[in-house]
Amino acid sequence: MSFPLQDEQSDHGAVPLSDVSHRRQLAHEQVRLLYERLWQPVLASVLAACLLVGAMWSVMPQSYLVGWLGALVAVSGGRLWLAWHYHRQPAKRRRQRRWLYRFTWGAGLAGCVWGVAGLFMFTMEHHGQLAALAIVLTGIAAGGVTTLSPVAWMAPLFVLPTMLPLLVQLLLQNTSLALLLAAMIVLFLGLVLVINRRLHRTISDNIALRLIVSSRERQLRVSEARYRAIFRHTPLGVMHFDREGRVVDCNEMCLDILGTSRQRLLGMNLLTQLNDERVVGAVRDALESGTGYFEGTYRTVVSGKQTPLRAFYSALRNESGEVVGGVAIIEDFTERKLAEETIHRQAYYDPLTELPNRRLLIETLASTIRDRRDDGRVGLVMFLDLDRFKIINDTLGHAVGDELLRQVSKRLLLGIDKDAMAARLSGDEFVVMMPALSSDREAEVTRAEHRAERLLATLRRAYDLGGQRISVTPSIGYTLFPLGDEDVGDVLRHADTAMYQAKLKGRAQICGYEPSMQTQMSWRLEMEQALRHALAEDQLSIAFQPQLDEHERVIGGEALMRWQHPRHGWVSPEVFIAIAEESDLIVELETWMLDRCCGLLARLPADVLPRLSVNISVRHFTQPGFVEGLIWVTGTHGIDPSRLIVELTESIMIDGLEDAAERMQALKRLGVQLALDDFGTGFSSLAYLKSLPLDELKIDRSFVSNLDADGSDAAIVETVLAMAQHLGIDVVAEGVENEAQYEFLRARGCRLFQGYHFYRPMPGEAFEALLAGREVEEAGQGHS
């Protein structure tokens, strides 16, 4: 059994409640009204029952009266206990339908008890008592309608059981008085039920309206709180001003941006008290046309704070569309401006030296070339590359190399004119651009040479790098522009070509661009392609220079790559090795050479060819798969890795001492021997000699060739030999060309030699024949 808590339709101005939440709230209010002040009608009912019992005391059995009164008091007490329990329970835990059922039972029982009074207290003999009974029952029924109308069917549930027994009794009497009273009761019941229906609708509509008002008030409070929260905590400044431009309100962010207090800002007239006409104009535009805008650096009148900001001004209108004020949204874009500057700097400036980078140089040079074509003047570009920077960077570490680049950059800035630009392209390459010179091209060529010389003198002075004084010189190539219709790439390529020609002359040289230099660059490109073809067509060969011990016995050799070009003849290794190192060809060339040398070691036994040295470049050595490749080639040919000597230069520290030592330790675990070639020509250091697992040092031929003429070279050689003996490292002297050099070296403990005094580099067949002849000679000496 279920009872509806409210009408499904609402009329007479009632607000329909289709929302489930509102229906639930309406039901809750209906039940609450039933229990609210229930003690008042219950107490009135008990008092009326007492009066009725008093009126009937003399004409009715007293035991019946007392029993009936007791039953009514018991039902009333139960209803009061139920109401007390209802009010004690928290509203959120109340199950409204259950409490409605409980109230229904109480109201129904109370109506039945009153209906019993209409049965057993009915009397036609005593008209006064009959009148009292009718008055009390109709009064109780009328009171029930007023208290039970929140639920439409609750009043009939109480009123009908109360009045119907009396009505039936009157109808059964069939007298004119009884029928008159019955007719009056019927009219009364009809009137009561109509009143109940109207009263229920009125109460329901009031409840619904109250709930809607309450909901809207709650929503309004939430909306207002949300608005205040947004107004106060928005990351933008918000200012409200009236029709005359006076500040009415503002949030804390607005005060922070403007650097003032609320007391000083509120009431200020933006149209008359501001000094900045741009802001005044934006406020006036908002009040007149609806919108205004300001962007720029603003100095606040009240605080003097200067802030980069932008402000959007918008008019506020009333319901009729009239402007009644305005609002300003203020943004402080100091951080955004700094971020834009940072992004611009990262995009256009080198982070290490803070000089313009390649991108900014190219954009500036492009516009400068256009300007020079228009005005007929010329500009100058100087391309600088630091000589032997790679050795400094590899030997002393990247931190020292970075500091050197920073100091070079500072000197560049001090050595150029104010309108010139110094930029870092990459690594140790710099470009100086002088955008506007005169229109006298011949005179500017001479001046360009002088400018380059002054720059060279500035940059070649010694640098203090962490307590070490190091001299570094640049090679400088320069070109004037525009020479014709060249673009940015052509101008930079011309300067780069001139710089490369300067490097070919030696260190610290200057060279201006000539169109004929392009032929040299084309030649290099042609030679690179020819070298690739030579590798693919097996045009390369290997020469071997024997290495001897102090008894002049051949104990091994050094493998040297040779190339005979089909048109140019024999190409110097210094030329084609340099070309190969500038590309990835050097890795392929040395891989090919390692395979051929391991094949030779596999053909000749260890007693014929104990060892063979192979030069490995830094580019190849630092390849990730170098060690694995060496393992594969020695394993494929089945040779003892200890017969292979890998010769490296001091530039192996390109990735740092730890990385070089790790790779070399991997080679040592394989069994390969390690030699340091050209020792003494770089920034030699005892620190890395102790850290690297070296087997031998090779004294550079430049020191050996001057032993009998230069006392300094002799002292260096003696020092190297003594140091190597102390460290337990063998020494190979390269470039021994005469007996005096040989005797000098041998007298000071050198045991391994290589040079023209013994043998020149020879083809593989001659080298094998030499080894076979020495083997026969030694065998013959053994038999004798």
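# Notebook: a sheet, a helix pair and three single residues

**Trp523.** I began with Trp523, which counts as partly exposed because its relative accessibility is 28%, between the 20% limit for buried and the 50% limit for exposed. I note here that the model is a predicted one. I located Trp523 in helix H17, which covers residues 517-536. Leaving out residues up to four places away in sequence, I found Trp523 touching His568 and Val575. I also looked up Ser642, which is 119 residues from Trp523 along the chain; their C-alpha atoms are separated by 41 Å.

**Thr634.** Next I checked a residue in helix H21 (residues 626-637), namely Thr634. Is Thr634 buried or exposed? I recorded Thr634 as buried, because its relative accessibility is 2% and the limit for buried is under 20%. I followed its side chain and saw that it reaches the backbone oxygen of Leu630 at 2.9 Å. Not counting residues up to four places away in sequence, Thr634 touches Cys598, Ile639 and Leu644.

**Leu172.** I then turned to helix H6, where Leu172 is found. Leu172 has a relative accessible area of 62%, so I entered this residue as exposed; the cut-off is over 50%. Ala182 is 10 residues from Leu172 in sequence, and I noted 9.9 Å between the two C-alpha atoms.

**H5 and H6.** I stayed with H6 and looked at its packing. Helix H5 (residues 127-148) packs with helix H6 (residues 154-173) at an angle of about 170°, and the axes are 8 Å apart. H5 is therefore roughly antiparallel to H6, since angles over 145 degrees are classed that way. Which residues meet in this contact? On the H5 side I listed Leu133, Ala134, Leu137, Thr138, Ile140, Ala141, Gly144, Val145 and Leu148. On the H6 side I listed Met154, Ala155, Phe158, Val159, Thr162, Met163 and Leu166. I sorted the residues of the contact of H5 with H6 into 13 nonpolar, three polar and no charged.

**The sheet.** I traced an open sheet of five strands with mixed pairing, in the order E7-E8-E6-E11-E12. Its edge strands are E7 (421-426) and E12 (510-512), each of which pairs on one side only. Ignoring direction, I noted an average turn of 20° between neighbouring strands of this sheet. Helix H12 (residues 358-375) packs on the sheet and touches E6, E7, E8 (429-434) and E11, and its direction makes about 130° with that of E7. I found another helix, H16 (residues 488-505), lying across E6, E8, E11 and E12; H16 runs at about 145° to E11.

**Strand E6.** I looked at E6 (residues 379-386) and its pairing with E11 (residues 474-481), which is antiparallel over eight bridges. Gly379 of E6 stands opposite Phe481 in E11, and Leu384 has Ile476 in E11 as its bridge partner. E6 also pairs with E8 in the antiparallel sense, over six bridges. In E8, Phe430 stands opposite Leu384.

How many residues of E6 are buried? I counted eight of its eight. In a regular strand, side chains alternate between the two faces of the sheet. I listed Gly379, Val381, Phe383 and Asp385 on one side of E6, and Leu380, Met382, Leu384 and Leu386 on the other. Both faces of E6 are covered.

Note on methods
Residues are numbered from 1 along each chain as its sequence is written. This is a predicted model: local features need pLDDT of at least 70, side-chain atom pairs count only at pLDDT 80 or more; totals for chains, interfaces and linings use all residues. Side-chain values use heavy atoms; hydrogens and water are left out. Axes are lines fitted to C-alpha atoms, for helices over the stretch in contact, and angles run from 0 to 180 degrees between N-to-C directions. Helices (H or I, at least four residues) and strands (E, at least two) are DSSP runs, numbered from the N terminus. Angles under 35 degrees count as roughly parallel, over 145 as roughly antiparallel, 65 to 115 as roughly perpendicular and the rest as oblique. Contact means heavy atoms within 4.5 Å. Ala, Val, Leu, Ile, Met, Phe, Trp, Tyr, Cys and Pro count as nonpolar, Asp, Glu, Lys and Arg as charged, and the others, Gly among them, as polar. Two strands pair if DSSP finds at least two bridges between them. Buried means under 20% relative accessible area, exposed over 50%, partly exposed in between (1.4 Å probe, protein chains only). A polar contact is a pair of N or O atoms within 3.5 Å; within protein, one must be able to donate a hydrogen and the other to accept it, and residues adjacent in sequence count only if both atoms are side-chain atoms.
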